[in-house]
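Let's walk through this fold together, starting with a helix and ending inside the sheet it rests on. Keep the viewer open as you read.

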Amino acid sequence: MRPQAELTHAPAQPERSAAEGNADEVLSDLVKWLEDAKAEKIVTIEIRGKSSIGDYMVVASGRNDRHVGAIAEQIQEKFKKAGYSGVRLEGKDNCDWVLVDAGDIIVHVFRPEVREFYNIEKMWQAERPLDPSTH
């Protein structure tokens, strides 16, 4: 019987889900990471109370499809290095619009013309309509 291999190093931080983190603290790191990746026109939208999908939505642009893909990959890697697990990318095949799902924070990285077409900032920044049953 062989002895079990020993770990040569301990992990620097325990892995955690991005949803378990304090979204407000993670948000400030995320904006810095986007700036470091040269993302443009970074907009943060609080969706807490508007949707159950998360607490914040962050929208940013890349200059072209390669830049959009690179930004998304860098953000995913930064989350991983910070000890967050389960951060997923959607839309990486075309890189017109890549979504980074980090639990309580959803990041949308667009090519400029695609961002202008969908204009999701306008939709999510609008005030929530009143519930008609309350009248």
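Keep in mind that this is a predicted model. Start with helix H1, residues 23-36: it lies across S2, S3 and S7, and it runs at about 5 degrees to S3, the strand covering residues 56-61.

Now for the sheet. Five strands make up an open sheet with mixed pairing, and their order is S2-S3-S7-S6-S5. At the edges stand S2 (40-46) and S5 (88-90); each has a single partner strand, so one side of each is left without a neighbour in the sheet. On average, neighbouring strands here are turned by 15 degrees against each other, direction ignored.

Zoom in on S7 and its two partners. With S3, S7 runs parallel, and six bridges join the pair. With S6 (residues 97-101), S7 (residues 105-110) pairs in the antiparallel sense over five bridges. S6 and S7 form a hairpin with three residues between them, and Gly103 in that turn has a positive phi of about 80 degrees.

You can follow the register residue by residue. Ile106 in S7 has Met57 opposite it, and Asp101 also stands opposite Ile106. Further along, His108 in S7 has Leu99 opposite it.

So how enclosed is S7 by the rest of the structure? Six of its six residues are buried, so S7 is largely enclosed. Both of its faces are covered: Ile105, Val107 and Val109 are buried on one side, while Ile106, His108 and Phe110 are buried on the other.

Key: Residues numbered from 1 in each chain as written. Predicted model: local features only at pLDDT ≥ 70, side-chain atom pairs only at ≥ 80, totals over all residues. Heavy atoms only, no water. Pairing = 2+ DSSP bridges. Helix = DSSP H or I, 4+ residues; strand = E, 2+ residues; numbered from the N terminus. Axes fitted to C-alpha atoms, helices over the stretch in contact; angles between N-to-C directions. Contact = heavy atoms within 4.5 Å. Buried < 20%, exposed > 50% of the residue type's maximum accessible area, 1.4 Å probe, protein only.
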